[in-house]
Amino acid sequence: MLRLERREAEQGSLRPGDAEELAGLLADPRLARAAARDRRRTAVQRGLLRERFARFPIADDQIAPTRLGNAIRRFEEYGWDRYRLDTQLLWNELTGCVPDQIRRQSELARASVDFFVALLSGHVAAALAAALALAAGSRPDRLALVGTLVIITLLVPVWYRSAVTATDEWAAAVRALVNTGRKPLAASLGLALPQTLAAERDMWTMVSRLSRIPYHERAAALDPYRAEPTTDPV
């Protein structure tokens, strides 16, 4: 809603489709109240809000029940949303074509998220162990167990938020991997990237579909995208 309103203020008017979408959003009382609060936010607050929104998938049907799940799902769907390239299906082929530096960036960014997830899991396990020890009965180290349980419980949400924040670098690395790896991936598959984005999306849609099913007559639909064969000099 805020994006459409900002576009309307900059352009003076919206296209019929955008104007209809904005009217539909404003008709929702809850969205209207939320928008009224957001209009009172400062530029810094709006920037932070956009960062939070950026950690969600674009498609509503891809929304996960947790913040960490949404933060990961947003870049898992990046290739499909932009180019109709199913990176989950073609991940090995894609990572095998990109330069080593870009692949290492993705691996290091994922390692940061894994580190905080490991801390989170370990602290949850330790908290459960401390709680079970306290429930077992009177113990001489009860005070130490209570202190440990309290500290660990306070740290669990910190590690969770840190894991969510660390996905930003992972998402950037995956975006770079997809954007720079599309062309060498196409070349390795014997294809040439079309000149238009619409044609490229059609090509990757067919590649993704044919990667899931055995060869059949529809595979000939990729013939217009095949690269010219090269002959090596003798």
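1. Burial first: of the 234 residues of the protein chain, 30% count as buried. Here buried means under 20% relative accessible area, exposed means over 50%, and partly exposed is what lies in between (1.4 Å probe, protein chains only). Keep in mind that this is a predicted model: local features need pLDDT of at least 70, side-chain atom pairs count only at pLDDT 80 or more, and totals for chains, interfaces and linings use all residues. Residues are numbered from 1 along each chain as its sequence is written, and side-chain values use heavy atoms, with hydrogens and water left out.

2. On the fold, the protein chain has 10 helices and 0 strands; helices (H or I, at least four residues) and strands (E, at least two) are DSSP runs, numbered from the N terminus. Its radius of gyration is 25 Å, well over the 17 Å that the globule rule gives for 234 residues, so the chain is more spread out than a compact globule. That radius is taken over C-alpha atoms, and the rule is 2.2 Å times the number of residues to the power 0.38. Along the principal axes, the C-alpha trace spans about 80 × 60 × 30 Å.

3. Now contacts, meaning heavy atoms within 4.5 Å. Taking those in the protein chain between residues at least 6 apart in sequence, 59% join residues at least 24 apart.

4. The surface comes to about 15,200 Å² exposed by the protein chain, with carbon and sulfur atoms supplying 57% of it. Areas come from the Shrake-Rupley method with a 1.4 Å probe; for residues, only the protein chains shown count as cover.

5. As for charges, the mean positions of the 33 positive and 28 negative ones in the protein chain are 8 Å apart. Lys and Arg count as positive, Asp and Glu as negative, while His and the chain ends are not counted. Each charge is placed at NZ of Lys, CZ of Arg, CG of Asp or CD of Glu.

6. The structure holds 3 aromatic pairs. Rings of Phe, Tyr and Trp (its six-membered ring) pair if their centres lie within 6.5 Å; planes under 30 degrees apart are stacked, over 60 edge-to-face, and the rest tilted. Phe75 and Trp170 make a tilted pair, at 4.8 Å centre to centre with 50° between the planes. This pair links distant parts of the chain, with Phe75 in helix H5 (residues 67-76) and Trp170 in helix H9 (residues 142-188), 95 residues apart. Both Phe75 and Trp170 are buried.

7. Phe115 and Phe116 have ring centres 5.4 Å apart and planes at 70°, so this pair is edge-to-face. Together with Trp159 they form one aromatic cluster. Phe115 itself counts as partly exposed, at 48% relative accessibility.

8. Back to H5: its buried residues are Leu68, Asn70, Ala71, Ile72, Arg74 and Phe75. What covers them includes H6, helix H8 (100-135) and H9.

9. One backbone spot to look at is Arg84, which has a positive phi of about 60° although it is not a glycine. Arg84 sits in the loop between helix H6 (78-83) and helix H7 (91-95), and is partly exposed with a relative accessible area of 24%.

10. Two C-alpha separations to finish. Leu48, in helix H4 (residues 43-53), is separated from Gly96 by 35 Å, the two being 48 residues apart along the chain. Ala19, in helix H2 (residues 16-26), is separated from Glu8 by 8.7 Å, at 11 residues apart along the chain.
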